[in-house]
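Trainee: Could you walk me through one part of this model up close, and then show me how the rest of the chain sits around it? I'd like to start with a hairpin.

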Amino acid sequence: MRFAEEAKLATRGARSGDAAQLFRRAFELEREAAQLLLQSFNVEPTRSVLYRSAATLALECGELAEAKRLAYQGLAGSPPLDIADEIRAIIEEEEFQRHLSTRGITLQPEEFQVSLVGPVIAAGLALYSVIMPRVESFRNLVLRTGERIAGMEYRSRGRPTQAITQGYEFFIGTPRHGSFAFSVHIGQPDQMSFPDMAKAADVVQEIFDCFDVLESEGKGRLRQRIGSDAYYTNFVSLAEKIGPDGDMVRFVGLTSTRGAESRHVKLKSKLDFAPPATPGVVSVAKKVTVQGVLRWADATTIHETVRIVDADKKSHTVRIPPGVDDIVKPYWLDEVTVTGVRDSQGHIVLEHIDSVRHDPS
């Protein structure tokens with residue numbers, strides 16, 4: 001137990017080499033203790049607790065086969081139900097890690113946690129429609145930031161390359177006890193897919209840096225930091241979807257951990273974002289709002305467009321500014337409300353889009 005505690009302290013202090021040695025020593029001692037009770041099936045819960053701990057430490061050391069063997073030996077006795085469930089969870093974790101290992105993927109030690117507060121959120125429970133769009137927005141933010149750091153031109157059409165999607169595999173941790181908070185882990189190949197590919201930790205830190213700038217210095221300063229108008233528009237449009245909506249989600253807190261350091265960003269107010277003016281587009285009218293079903297996407301022209309079909313079957317062409325495409329795609333075939341201004345061709349240049357929420361009464 002002393003070696004395991006020292007290993008955890010070394011991990012928080014970013015002394016990975018010391019932590020590995022300490023975890024190894026703790027594992028060897030715990031396995032030795034468990035094996036003393038190998039045939040003592042009536043010594044419970046001591047026997048199963050020792051095997052559970054030994055199997056857990058084996059996972060910490062990367063000894064997957066040994067972790068599974070020790071876990072099954074722990075189940076061979078008569079463990080209490082709660083201990084048995086924990087041992088089975090170790091077996092499931094071993095299978096998960098083995099799956100990643102066969103694909104050459106390693107979960108990075110850095111993670112970030114997302115906490116949400118609002119009237120539709122309780123301890124360990126939240127409305128699906130407020131959680132999943134934020135999860136998808138975070139995934140897009142990770143992929144886009146990875147592309148930007150690598151110096152790639154903004155991808156206005158098509159999917160991310162296989163090198164990017166495999167380079168930043170997205171994993172969601174279970175909600176934390178006592179609130180609704182989930183953790184995000186990024187898996188990366190043991191060998192980088194291309195030379196300029198950023199480490200997952202650097203991508204996470206860049207995202208937090210941009211949130212810090214956005215919250216403390218405003219959109220103008222963030223635009224200067226990012227440089228590219230398309231990447232800037234994309235970041236802020238995704239940040240708007242992640243942050244509070246002023247109705248069902250009133251607070252979003254982000255926490256990242258890197259070694260002994262923790263960073264916190266609090267998103268407390270709704271972000272009112274409109275994309276920058278599209279070059280060559282002249283507004284000839286005030287803002288307009290239309291409601292209808294999102295249909296007919298056209299990416300064959302210079303300016304990507306979609307069409308909104310309203311309740312009267314009238315079609316409205318909506319132009320999608322560069323950088324906003326990631327927030328439009330999830331609404332395909334949904335009933336939405338679109339706000340924007342009309343250009344000289346009579347098309348609506350998108351500023352805001354959101355799902356239509358119908359009152360059940």
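**The hairpin and its surroundings**

Mentor: Let's start at the turn: five residues lie between strands S11 and S12 in their hairpin, and Gly346 there adopts a positive phi near 90 degrees. Keep in mind that this is a predicted model.

Now the strands themselves. S11 covers residues 335-342, runs antiparallel to S12 and is joined to S12 by seven bridges. One pair to look for is Val338, which stands opposite Ile353 in S12. S12, at residues 348-355, also pairs with strand S10 (residues 315-319), this time in the parallel sense and over two bridges. Look at Val318 here, whose bridge partner in S12 is Ile348. While you're looking at strands, a general point: in a regular strand, side chains alternate between the two faces of the sheet.

Val338 also takes us inward. The largest nonpolar core has 65 residues, and Val338 is among the members that touch the most others, along with Leu116, Tyr168, Phe211, Leu222, Phe235 and Leu254. Helix H8 (residues 200-216) is the biggest giver to this core, with nine residues. A separate core of 26 residues lies apart from that one, and its members include Ala34, Tyr51, Ala67 and Ile91.

Take Leu254 from the larger set and check its neighbours. Leaving out residues up to four places away in sequence, Leu254 touches Gln113, Val114, Phe138, Phe208, Phe211, Arg263, His264, Val265 and Leu267.

Helix H6 deserves a stop too. Ser137 has its place in this helix, and Ser137 is buried because its relative accessible area is 6%. Setting aside residues up to four places away in sequence, Ser137 touches Leu238, Lys241 and Ile242. Ser237 is another one to pick out: its C-alpha is 9.3 Å from that of Ser137, although the two are 100 residues apart in sequence.

Further along, Arg148 also lies in H6, which spans residues 128-149. You might not guess it from an arginine, but Arg148 counts as buried, because its relative accessibility is 16% and the cut-off is under 20%. With residues up to four places away again left out, Arg148 touches Glu206, Cys210, Ile226 and Tyr231.

Cys210 is worth a second look. Its relative accessibility is 0%, so Cys210 counts as buried. Cys61 counts as buried too, because its value is 19%. As for cysteine pairing, a disulfide is a covalent bond between the sulfur atoms of two cysteines, and a search of the whole structure turns up zero of them.

Back to Ala67, from the other core: Ala67 is one of the buried residues of helix H4, together with Leu64, Glu66, Leu70, Ala71, Gln73 and Gly74. H4 (residues 64-75) has twelve residues and reaches 17 Å from first C-alpha to last, close to the 16 Å expected at 1.5 Å a residue.

Finally, zoom out. The protein has eleven helices and twelve strands, and 45% of its 361 residues count as buried. Among contacts with a separation of 6 or more, 63% are between residues 24 or more positions apart. On the outside, the protein exposes about 19100 Å², with carbon and sulfur atoms supplying 51% of that area.

Terms used: Residues numbered from 1 in each chain as written. Predicted model: local features only at pLDDT ≥ 70, side-chain atom pairs only at ≥ 80, totals over all residues. Heavy atoms only, no water. Helix = DSSP H or I, 4+ residues; strand = E, 2+ residues; numbered from the N terminus. Buried < 20%, exposed > 50% of the residue type's maximum accessible area, 1.4 Å probe, protein only. Contact = heavy atoms within 4.5 Å. Disulfide = S-S within 2.5 Å. Areas by Shrake-Rupley, 256 points an atom, 1.4 Å probe, with all protein chains shown as cover. Pairing = 2+ DSSP bridges. Core = buried A, V, L, I, M, F, W, Y, C linked by side-chain atoms within 4.5 Å. Expected span 1.5 Å × (residues − 1).
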